[in-house]
Amino acid sequence: QDAAIAAALLAPGQQVEHVVRPKRYAWLQVARGAIEVGGHTLRAGDGAALRGEGTLAIKGVEPAEVLVFDLP
């Protein structure tokens, strides 16, 4: 399977980015804490599917652990 997994520990206000390449999508899973992505706040247990190329900016709202699955 052509997949990759990235993990991040974020402090409040800290931001990371993930580039979604053409013809791929990303699944974002919040393991703990809270983040903001695309103007939406996601909390522990929340997930989001993201499709289409571009840069995904993930910002910590409170101390958080997040996983990004990059899939074909």
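**Entry 1: burial and overall form**

I began with burial in this predicted model, and I noted that buried residues make up 31% of the 72 residues in the protein chain. I then turned to the surface, where the protein chain exposes about 4400 Å², with carbon and sulfur atoms supplying 51% of that area.

For the secondary structure I counted 0 helices and 6 strands in the protein chain, and reading along the sequence I wrote the pattern down as β-β-β-β-β-β. The radius of gyration came to 11 Å, close to the 11 Å that the globule rule gives for 72 residues, so I recorded the protein chain as being as compact as a globular protein of that length. Taken along the principal axes, the box filled by the C-alpha atoms is roughly 30 × 20 × 15 Å.

I also looked up how far apart in sequence the contacting residues are: of the contacts with a separation of 6 or more, 69% are between residues 24 or more positions apart. As to charge, I noted 7 positive and 8 negative charges in the protein chain, and their mean positions are 4 Å apart.

**Entry 2: D70**

I next went to D70, which I found in strand β6, the strand that covers residues 54-71. Is D70 buried or exposed? I entered D70 as buried, because its relative accessibility of 6% is under the 20% cut-off.

Which side chain is joined to that of D70 by a polar contact of 2.5 Å? I found that the partner is R24. Setting aside residues up to four places away in sequence, I listed what D70 touches: D2, A3, A4, H18, V19, R21, R24 and Y25. R24 therefore appears in my notes on D70 both as a polar partner and as a member of this contact list, and H18 is on the list too, which took me to the next entry.

**Entry 3: H18**

I placed H18 in strand β2, which spans residues 15-20. With a relative accessibility of 18%, H18 also counts as buried, because that value is under the 20% cut-off.

Looking from this side, I found a polar contact of 3.0 Å between the side chain of H18 and the side chain of D70. Leaving out neighbours within four places in sequence, I wrote down G54, T55, L56, V68 and D70 as the residues in contact with H18.

To close the page, I noted again that the side chain of D70 has polar contacts with the side chains of R24 and H18.

How values were computed. Residues are numbered from 1 along each chain as its sequence is written. This is a predicted model: local features need pLDDT of at least 70, side-chain atom pairs count only at pLDDT 80 or more; totals for chains, interfaces and linings use all residues. Side-chain values use heavy atoms; hydrogens and water are left out. Helices (H or I, at least four residues) and strands (E, at least two) are DSSP runs, numbered from the N terminus. Buried means under 20% relative accessible area, exposed over 50%, partly exposed in between (1.4 Å probe, protein chains only). A polar contact is a pair of N or O atoms within 3.5 Å; within protein, one must be able to donate a hydrogen and the other to accept it, and residues adjacent in sequence count only if both atoms are side-chain atoms. Contact means heavy atoms within 4.5 Å. The radius of gyration is taken over C-alpha atoms; the globule rule is 2.2 Å times the number of residues to the power 0.38. Accessible areas come from the Shrake-Rupley method with a 1.4 Å probe; for residues, only the protein chains shown count as cover. Lys and Arg count as positive and Asp and Glu as negative; His and the chain ends are not counted. The place of a charge is taken as NZ of Lys, CZ of Arg, CG of Asp or CD of Glu.
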